[in-house]
Amino acid sequence: MERFGRSAAQSWIHSRELRRRGKPVRQHGTPPTFPTFPAFRRLSGTLLVAVALFSCVAASGAVAAPGATGSKAGPGPAARPLGDVVPVPASVRPGGTPYALTPSTRIRVDDDSGEARRVGIYLAGLLRPSTGYDLRITDDDGRGRAHGRGDDGIRLRLSPRDRALGDEGYRLESGRAGVTLTAREPAGLFHAVQTLRQLLPAAVERDSRQRGPWKVAGGTITDTPRYAYRAAMLDVSRHFFTVDQVKRYIDQLALYKINTLHLHLSDDQGWRIAIDSWPRLAAYGGSTQVGGGPGGYYTKAQYRDLVRYATSRHLEVVPEIDMPGHTNAALASYAELNCDGVAPPLYTGTAVGFSSLCAPKEITYDFVDDVVRELAALTPGRYLHIGGDEAHSTSHADYMEFMRRTQAIVAKYGKTVVGWHQLTGAEQVKGAVAQYWGYDATGAAERAQVAEATKVGTKLILSPADRTYLDMKYDRNTDLGQSWAGLVEVDRSYDWDPAAYLAGAGVDPGAVLGVEAPLWSETLSTSDHIERMAFPRLPGVAEIGWSPQSARNWDTYKVRLAAQGPRLTALGIDYYRSPVVPWPAE
């Protein structure tokens, strides 16, 4: 059964995780330490907030009277400005009186819509702990009122005929009488909820009752995504992360409208998914990790649970089995996969490029067929990632043959092939997707090879390592992460345009399927580590994937990002306090 909101069991798990990490349970983390700013910088930052928020609204096509976004509904502080969310919406039109949640607020859903009801249950689960309100879910009679009530409350509507909203778009309308969220598809309604929660005070994210008021600024947001593919990758191979840890990350991704979770399930250091036909892959190949820890793997039941949980948050799971390189865990588990028939020892270091499946052996393709067949049966999504990068120990001829046969196997089981951009060095099947992870130092020939692939129909996911790799160090003093692609501060991670990124190499903007933020785990072993490296860069990549380029610029974004600081703290996320962002004192 799909679960929405925070159940008692989930709250207990969350509290246990906070205790393990040494954080107060009720407050979701200790007050952070902030960098010291000179007085003039504090003043200029305050002025910048006002200017940037106005610019943000203007860039989104908003028309409003001065002060409309900060109007009040009754006593208490002003509502959060309507455009003060991440990702920035496509269109913001503020105006009118804010809506204030009260103990009598109801969540109204279409009478005949199970999908809307599920989103309503999720929304109620988010808001009940902090507001203390009952937030009963009631049926909507379709005439603008809930059964037996005169208050509009929060209304969730699915409107299949509203084609302009597409598969993920939504409209949010707020006024004195209530808030209406409208979408064509359930995913859009879910994304509308993420915008609504960001419009409420940051304290709404806490698990204990907080002081209101709970106001939503008046006006209308109409929003659709720029790209259909907006992803984050989590490497569970170098260091293993439990089901609960991955679920925690899924919830964080959902807040910023990420719609895809790429799981890197195998590498030299560990195999993380049970395969019945090759049981030693998980039992032995998954028994260690970088540094020699205990490792771990997901049973099929656990993997299905992860997929269900991601689906409930409207994320599609893309599993990756990296081949023919990055395969030492498999080679150590089965000697027959090695060309010399000798199994190497398990590996706990961080070097790359030394391992390879034996491409000339027929048993290799029996192995690939079994793994892909079982993984495809577990994964309802469209894609299956076959890796293909850094295969330095595989000859070019063997690589070409291996990729030809492996792509055919993936297609045989009804999935679309995704590979790292080295796949473009082989012949790609029709509909293949290449994930580009090059960076400024990548040579022109390699970029040209990628561009040529797009001319025959291969689509691209952009993950430039010096922009979107969340494991790159922020600066020279960052204690986690790597720096082989350079230092990646928050502004560098945000300030680029996918449509223009490979235009100089001849890539048409229409070939770009979307963007992805990978998080490699050579140096990361806890949820704290994940969060410190992902935040605050991940929200920026999410905005790059969602928001129109015309609505984006660093000067306004950094102010909206700064406003996310208290929300991240309320969620228990120990984010990096980048000095290029004017964080408020919480």
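# Reading the labels on a predicted model

Trainee: Why does Lys257 count as buried?

Mentor: In this predicted model, Lys257 has a relative accessibility of 1%, and since the label buried is given under 20%, Lys257 counts as buried.

Trainee: Where does Lys257 lie, and what is noted about its phi?

Mentor: Lys257 is placed in the loop that runs between helix H5 (243-255) and strand E11 (260-264), and its phi is positive, at about 65°, although the residue is not a glycine. Glu390 is also a residue other than glycine with a positive phi, here of about 50°, and Glu390 sits in the loop between strand E15 (383-387) and helix H10 (396-412).

Trainee: How do you know that Cys339 and Cys358 are joined by a disulfide?

Mentor: The sulfur atoms of Cys339 and Cys358 are 2.0 Å apart, and the rule accepts a pair of cysteine sulfur atoms within 2.5 Å, so the pair qualifies as a disulfide. By this rule the count comes to one disulfide. The link of Cys339 and Cys358 is right-handed, with 100° about the S-S bond.

Trainee: What does the disulfide between Cys339 and Cys358 tie together?

Mentor: Cys339 and Cys358 both lie in the loop between helix H8 (328-333) and helix H9 (362-378), so the pair ties together parts that are 19 residues apart in sequence. In general terms, such a link is a covalent bond between the sulfur atoms of two cysteines.

Trainee: Are the two cysteines buried or exposed, Cys339 on the one hand and Cys358 on the other?

Mentor: Cys339 has a relative accessible area of 56%, and exposed requires over 50%, so Cys339 is exposed. Cys358 has a relative accessible area of 3%, and buried requires under 20%, so Cys358 is buried.

Trainee: What makes Pro129 partly exposed?

Mentor: The relative accessibility of Pro129 is 23%, and partly exposed is the label for values between the 20% and 50% cut-offs, so Pro129 counts as partly exposed. Pro129 is found in helix H3, and although Pro129 and Ser208 are 79 residues apart in sequence, their C-alpha atoms are 5.4 Å apart in space.

Trainee: Why are H3 and H4 called roughly parallel?

Mentor: Helix H3 (residues 114-131) and helix H4 (residues 186-199) pack at an angle of about 20°, with their axes 9 Å apart. Angles under 35 degrees count as roughly parallel, and H3 and H4 are therefore roughly parallel to each other. The crossing in which H3 passes H4 is right-handed.

Trainee: Which residues make the contact of H3 with H4?

Mentor: On the side of H3 they include Val119, Tyr122, Leu123 and Leu126, and on the side of H4 they include Leu189, Phe190, Val193 and Leu196. The residues of this contact of H3 with H4 divide into ten nonpolar, one polar and two charged.

Trainee: Why are H16 and H17 called oblique?

Mentor: The axes of helix H16 (residues 537-546) and helix H17 (residues 554-570) cross at roughly 130° and come within 11 Å. Roughly perpendicular covers 65 to 115 degrees and roughly antiparallel begins over 145, with oblique as the label for the rest, and H16 and H17 are therefore oblique to each other. Their crossing is right-handed, and in it Pro539, Gly540 and Glu543 of H16 meet Tyr557, Arg560 and Leu561 of H17. The residues of that contact of H16 with H17 divide into three nonpolar, one polar and two charged.

Trainee: What makes helix H15 (residues 527-534) mostly covered?

Mentor: Seven of the eight residues of H15 are buried, and among them are Asp528, His529, Ile530 and Glu531. Following H15, Pro536 is placed in the loop between H15 and H16, and a cis peptide bond, with omega of about 20°, joins Phe535 and Pro536.

Trainee: Which residue does a cis peptide bond join to Val86?

Mentor: The partner of Val86 is Pro87, and omega of that bond is about 0°. Pro87 lies in the loop between helix H2 (39-59) and strand E1 (91-94).

Trainee: How many helices and strands are there in the protein?

Mentor: The protein has 17 helices and 19 strands, and 59% of its 586 residues count as buried.

Key. Residues are numbered from 1 along each chain as its sequence is written. This is a predicted model: local features need pLDDT of at least 70, side-chain atom pairs count only at pLDDT 80 or more; totals for chains, interfaces and linings use all residues. Side-chain values use heavy atoms; hydrogens and water are left out. Axes are lines fitted to C-alpha atoms, for helices over the stretch in contact, and angles run from 0 to 180 degrees between N-to-C directions. Helices (H or I, at least four residues) and strands (E, at least two) are DSSP runs, numbered from the N terminus. A crossing is left-handed if the near helix is turned anticlockwise from the far one by less than a right angle, and right-handed if clockwise. Contact means heavy atoms within 4.5 Å. Ala, Val, Leu, Ile, Met, Phe, Trp, Tyr, Cys and Pro count as nonpolar, Asp, Glu, Lys and Arg as charged, and the others, Gly among them, as polar. Buried means under 20% relative accessible area, exposed over 50%, partly exposed in between (1.4 Å probe, protein chains only).
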